[in-house]
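Hello,

Here is the structure I promised to pass on. Please look it over first; my notes on what turned up follow below.

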Amino acid sequence: MPAPVYKILLFMKRRPDISVEAFRDYYENHHAPLAEKYSQGISRYIRRYIDPQDHPETGPAGELPFDVITELWFEDEAVFKGTVKYITAMIMPDEIVEDEKNLFDRSSFRIATVVERETDFGRNP
């Protein structure tokens, strides 16, 4: 069985005065490179941009509560636990906070953790 992957999920909404396109561009070209310098012990840093889709039973999707789910992946459980403790008890460095104000509705932030285990059915007889 493969080792578990530990993840922190960050659910975030863009500022209301920023278009989806401008939000994604700023995140990729400004915020992600800035965040990289504070990302020790993270094995993957993934941004999953959400595009709402209409549903035949429930109708138009409208505006969703989040525009992006950011995933921070960890292979080391101790580093994962230390990072969770830090981000749930401390304010990020000033440089990050100031840049987030250019991009996010910071009151929308939500954090969740995941321990992921995978079964690869293609390898099992």
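**Salt bridges**

The count of salt bridges in this structure comes to 14. Please bear in mind throughout that this is a predicted model. Three of the pairs are described here.

Asp67 and Lys13 form a salt bridge in which the closest N and O atoms are 3.4 Å apart. This pair links distant parts of the chain: Asp67 sits in the loop between E2 and E3, Lys13 in the loop between E1 and H1, and 54 residues separate them. Asp67 has a relative accessible area of 8%, so this residue counts as buried. Lys13 is buried as well, because its relative accessible area is 12%, and the limit for that class is under 20%.

Glu28 and Arg47 make another salt bridge, with 2.9 Å between the closest N and O atoms. Arg47 belongs to strand E2 and Glu28 to helix H1, so the bridge ties together parts that are 19 residues apart in sequence. Glu28 has a relative accessible area of 32% and is therefore partly exposed.

Arg48 meets Glu71 in a salt bridge, at 2.5 Å from N to O. Here too distant parts of the chain are linked, since Arg48 is in strand E2 and Glu71 in strand E3, 23 residues apart. The two ends fall into separate burial classes: Arg48 counts as partly exposed because its relative accessibility is 40%, whereas Glu71, at 8%, counts as buried. This pair is also part of a network, in which salt bridges that share partners join Lys7, Arg48, Glu71 and Glu116.

**The largest pocket**

The largest pocket holds about 610 Å³ of space. Its lining is made up of 26 residues, and those closest to the centre of the pocket are Leu10, Leu72, Ile87, Met92 and Glu100. Which elements give two or more residues to this lining? They are strand E1 (5–12), helix H1 (20–36), strand E3 (68–74), helix H2 (77–89) and helix H3 (94–101). With four residues, H2 gives the most. By residue class, the lining divides into 18 nonpolar, six polar and two charged residues.

**Ala112**

Ala112 is found in strand E4, which covers residues 110–116. Is this residue buried, exposed or partly exposed? Its relative accessibility is 27%, so Ala112 counts as partly exposed. Apart from neighbours within four places in sequence, Ala112 is in contact with Lys7, Ile8, Leu9 and Phe11. One of these, Lys7, also appears in the salt-bridge network with Arg48, Glu71 and Glu116. As for Tyr45, this residue is 67 residues from Ala112 along the chain, and the two C-alpha atoms are separated by 15 Å.

**Confidence**

The protein chain has an average pLDDT of 92, and 97% of its residues score at least 70. Among its elements, strand E2 (residues 44–49) has the highest mean pLDDT, at 97, and H2 has the lowest, at 93. To connect this with the sections above, strand E2 holds Arg48 of the bridge to Glu71, and H2 is the element that gives the most residues to the lining of the largest pocket.

Best regards

Note on methods: Residues are numbered from 1 along each chain as its sequence is written. This is a predicted model: local features need pLDDT of at least 70, side-chain atom pairs count only at pLDDT 80 or more; totals for chains, interfaces and linings use all residues. Side-chain values use heavy atoms; hydrogens and water are left out. On a 1 Å grid over the protein atoms alone, a cavity is a set of points where a 1.4 Å probe fits but cannot get out, and a pocket is an open set with protein on both sides within 12 Å along at least five of seven lines; lining residues have an atom within 4 Å of a point. Grid points are joined across faces, edges and corners, and a volume is the space filled by probe spheres set on the points. Ala, Val, Leu, Ile, Met, Phe, Trp, Tyr, Cys and Pro count as nonpolar, Asp, Glu, Lys and Arg as charged, and the others, Gly among them, as polar. Buried means under 20% relative accessible area, exposed over 50%, partly exposed in between (1.4 Å probe, protein chains only). Contact means heavy atoms within 4.5 Å. pLDDT is the predictor's confidence in each residue, from 0 to 100. A salt bridge is a side-chain nitrogen of Lys or Arg within 4 Å of a carboxyl oxygen of Asp or Glu.
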